[in-house]
Amino acid sequence: MTENKKQTSVTILCAGCLAVLLATGGTAAFLTSSDRTENRIAVGQNTTRIVEEFPDPTPVPIEENPEYRKKVLAVNTAEGKNGSQVECYVRMSVGYSHSDISRGVVLKGQDTENWVLAEDGYYYFIKPLKEGESTTPLFTGFWVDSSKVNKAYLELIPEFEIQIYEESVQAEGFADYKQAWAAYQVSV
């Protein structure tokens with residue numbers, strides 16, 4: 001082989017190696033490029049509470065079937081950062097401190113348009129609550145029909161308590177309260 005042919009071969013070989021290195025380096029730089037960004041998603045809150053307006057009753061003789069005012073509702077509280085509360089559905093259960101006296105309890109002023117009593121014993125508020133909104137009162141009072149209470153327990157009526165339990169679940173992603181609570185029941 002002549003000197004010119006050797007030089008040409010070496011030049012071609014060097015040019016080929018240089019082309020391969022440039023192509024590999026460019027491709028590697030393209031495939032390993034990265035950017036940095038911050039996650040700007042905020043966590044929503046679902047915070048509700050029970051509101052009970054229960055004025056101190058004046059003593060009423062038991063024979064007169066005592067009647068009391070008691071307004072019970074729930075509110076989607078605006079706690080923490082404004083705008084972080086999510087819409088939610090609410091349900092409540094009503095319990096009693098004495099089972100025999102509870103037989104004589106009659107709830108007054110029940111809202112049967114916005115609240116639905118289901119087979120599981122919960123009252124479901126059918127509308128979602130936005131931040132700061134409250135439900136309509138589940139009921140506004142009660143009276144005790146003493147004729148339905150065993151006479152041995154009549155003297156306990158002044159200490160009798162109605163116990164309210166409340167839960168809420170996020171409304172977003174569900175068509176109505178039934179779907180939201182059904183999804184909650186599956187996840188529990």
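## Salt bridges and nonpolar cores

K70 is buried, its relative accessible area being 5%, and because the cut-off for burial is under 20% relative accessible area, this lysine falls on the buried side in what is a predicted model. The side chain of K70 meets that of E52 in a salt bridge, with 2.6 Å from N to O. This pair joins distant parts of the chain, since K70 belongs to strand β2 (residues 67–76) and E52 to strand β1 (residues 48–53), 18 residues apart. E52, in turn, counts as partly exposed, with a relative accessibility of 39%.

The structure holds six salt bridges in total, and three of the pairs, including the one just described, are set out below.

| Pair | N to O distance | Separation in the chain |
|---|---|---|
| K70 and E52 | 2.6 Å | 18 residues |
| E67 and K108 | 2.5 Å | 41 residues |
| R91 and D120 | 3.9 Å | 29 residues |

In the salt bridge formed by E67 and K108, a residue of strand β2 is linked with one of strand β4 (residues 105–108). E67 is partly exposed at a relative accessible area of 47%, and K108 is likewise partly exposed, at 30%.

The salt bridge between R91 and D120 connects strand β3 (residues 88–96), where R91 lies, to the loop between β5 (115–117) and β6 (123–125), which holds D120. R91 counts as buried at 3% relative accessibility, whereas D120 is partly exposed, with a relative accessible area of 43%. These two residues do not stand as an isolated pair, for R91, D120 and E167 are linked in a network of salt bridges.

Turning to the nonpolar interior, the largest core has 24 residues, and within it F139 and I162 are those with the most contacts. Strands β2, β3, β4, β6, β7 (139–144) and β8 (162–170) each contribute at least two residues to this core, while its largest share, four residues, is supplied by β3.

Which residues does F139 contact, leaving aside its neighbours within four places in sequence? Among them are the nonpolar residues V72, V94, L107, I162 and I164, together with K71, G109 and Q110. F139 is also in contact with K70 and K108, and both of these lysines take part in salt bridges, K70 with E52 and K108 with E67.

A second core of eight residues is separate from the one just described, and its members include Y89, Y124, A171 and Y177.

Notes. Residues are numbered from 1 along each chain as its sequence is written. This is a predicted model: local features need pLDDT of at least 70, side-chain atom pairs count only at pLDDT 80 or more; totals for chains, interfaces and linings use all residues. Side-chain values use heavy atoms; hydrogens and water are left out. A salt bridge is a side-chain nitrogen of Lys or Arg within 4 Å of a carboxyl oxygen of Asp or Glu. Buried means under 20% relative accessible area, exposed over 50%, partly exposed in between (1.4 Å probe, protein chains only). A nonpolar core is a set of buried Ala, Val, Leu, Ile, Met, Phe, Trp, Tyr and Cys residues joined through side-chain atoms within 4.5 Å. Contact means heavy atoms within 4.5 Å.
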